[in-house]
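Student: Before we use words such as buried, contact and core, could we go through what each of them rests on?
Tutor: Let us take them in turn, setting each value against its cut-off.

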Amino acid sequence: MWGGRFSEATDSFVAAFTASVGFDQRFARHDIQGSIAHATMLKECDILTADEVTTIIDGLHQVLREIEAGEFSWSIALEDVHMNVESRLTDIIGAVGKKLHTGRSRNDQVATDIRLWLREETDNIIELLIRLQSGLLDLADQHTDTIMPGFTHLQTAQPVSFGHHVMAWFEMLYRDTERLIDARRRINQMPLGSAALAGTTFPIDRTITAELLGFEGICQNSLDAVSDRDFAIEFTSAASILMMHMSRMSEEIILWMSAQFNFVQIPDRFCTGSSIMPQKKNPDVPELVRGKAARVFGQLMTLLSLMKSQPLAYNKDNQEDKEPLFDCVDTLTGSLLAFADMLPNIVPNKESMRAATMKGYATATDLADYLVRQGVAFRDAHEVVGNAVALGIKEGVDLSDLSLAQLQQFSDAIGDDVFDYLTLEGSLAARDHLGGTAPNQVKQAVVNGRARLKAFA
């Protein structure tokens, strides 16, 4: 396919080493989609005749049917998806097939294919994210008043509702959705028409092609359009943040499923057992998602490293962008599919959560806040509560189980209404403000969350 420039054939090993058709055939449908739009534009600009373009488009549809039916014969000798499709097109329709490449290069062709493919995959991922978030909203709505310990430093801190915790997951994923939607705008810019690096001498109209392919904009510099992959890096960065969030969720589920926590159960279909320990129920799905996060992080570093030293314009290095991007998309999609089915089906163990909340003096801050409202300076209130906690530890009881007389020995500002603030329910209800864990605030957060998701539609 190199014509007359070369005096000898490419070495067979080099041909196999440099070929990308083994993986870039994944772009076949998008490659043909781009070729149909390109041919249509060439007709509109009077570069090809209407009959030629009709013949080319009919031939491209036949090539696509062969590929989708598994009847297409891929050739390493033809190096990539573009040349394989073009060669087969020419076999079908004859010499007119060779005219399809007028006014373009494989450099702008592959850049277009990647963007078309990644745009579609991004839409699929956003759809999965919205499905996952909808499931989390349903779960949170069921457990607005299910009490569990909130943690800092993995130590019991203050009571929260399980629904409030689930809504924290929702907020993480909501920002991830926003990031992907924003990244999609930069993915959806058309490089086609940039040709090899400098544009083309043919009188093309790139706006026609962009409209046919559904691009929001057109890459404004031909050198940049064919050579940069920052849109793929940005996607992989957003994917890495999303996988980081899913890994954090996974870690919590793994801890909570342990006998030491016993906070939740997930359906058996997301778990496996042990080959020698019959009692085991292993949280394989969250463990794998936690592990796969590292894999996506690695693909981000691969793409950054790939691009960091490349001079303008296109270099063969960029052939190495596809496999990391493919793996990133596949890993993220699989993880989201698993989570979208698993997370909404978590079953909290309310009794274990409540018992755990009672163990860590989770209402200590509520007692301090009570004292402040009675006119005690916060630092003095902090010391009073510390003394009360020390007594509770000595007696082996929770703050709410100490008598009024025991509490009053540390401060005469404590009245008999203090116990309204030391119950777990009272602690939750007291945090009745936007973003707080009060059950009615969590219910409102769920309502707001559903409205916010609808805005993505």
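**From values to terms**

Tutor: Leaving out residues up to four places away in sequence, Leu212 touches Ala37 and Thr40; keep in mind that this is a predicted model.

Student: What makes Ala37 and Thr40 contacts of Leu212?

Tutor: Contact means heavy atoms within 4.5 Å, and Ala37 and Thr40 are the residues that Leu212 touches once sequence neighbours up to four places away are set aside. In addition, the C-alpha atoms of Leu212 and Gln33 are 9.4 Å apart in space, although 179 residues separate the two in sequence.

Student: Why is Leu212, in helix H8 (residues 206-213), called partly exposed?

Tutor: Its relative accessible area is 46%, and because the term covers values between the 20% limit for buried and the 50% limit for exposed, Leu212 is partly exposed.

Student: Why is Asp327, which lies in helix H12 (residues 322-342), called buried?

Tutor: Buried means under 20% relative accessible area, and Asp327 has 15%, so Asp327 is buried. Beyond its neighbours within four places in sequence, Asp327 is in contact with Arg295 and Gln299.

Student: Which residues have the most contacts inside the largest nonpolar core?

Tutor: They are Phe162, Phe235, Leu336, Leu343 and Ile346, in a core of 86 residues. Helix H6 (residues 106-142) supplies the largest share of this core, 13 residues. Apart from it lies another core, of 20 residues, including Tyr361 and Ala413.

Student: Which residues does Phe162 touch, beyond those up to four places away in sequence?

Tutor: Among them are Leu139, Trp256, Val264, Ile346 and Met353.

Key: Residues numbered from 1 in each chain as written. Predicted model: local features only at pLDDT ≥ 70, side-chain atom pairs only at ≥ 80, totals over all residues. Heavy atoms only, no water. Buried < 20%, exposed > 50% of the residue type's maximum accessible area, 1.4 Å probe, protein only. Core = buried A, V, L, I, M, F, W, Y, C linked by side-chain atoms within 4.5 Å. Helix = DSSP H or I, 4+ residues; strand = E, 2+ residues; numbered from the N terminus.
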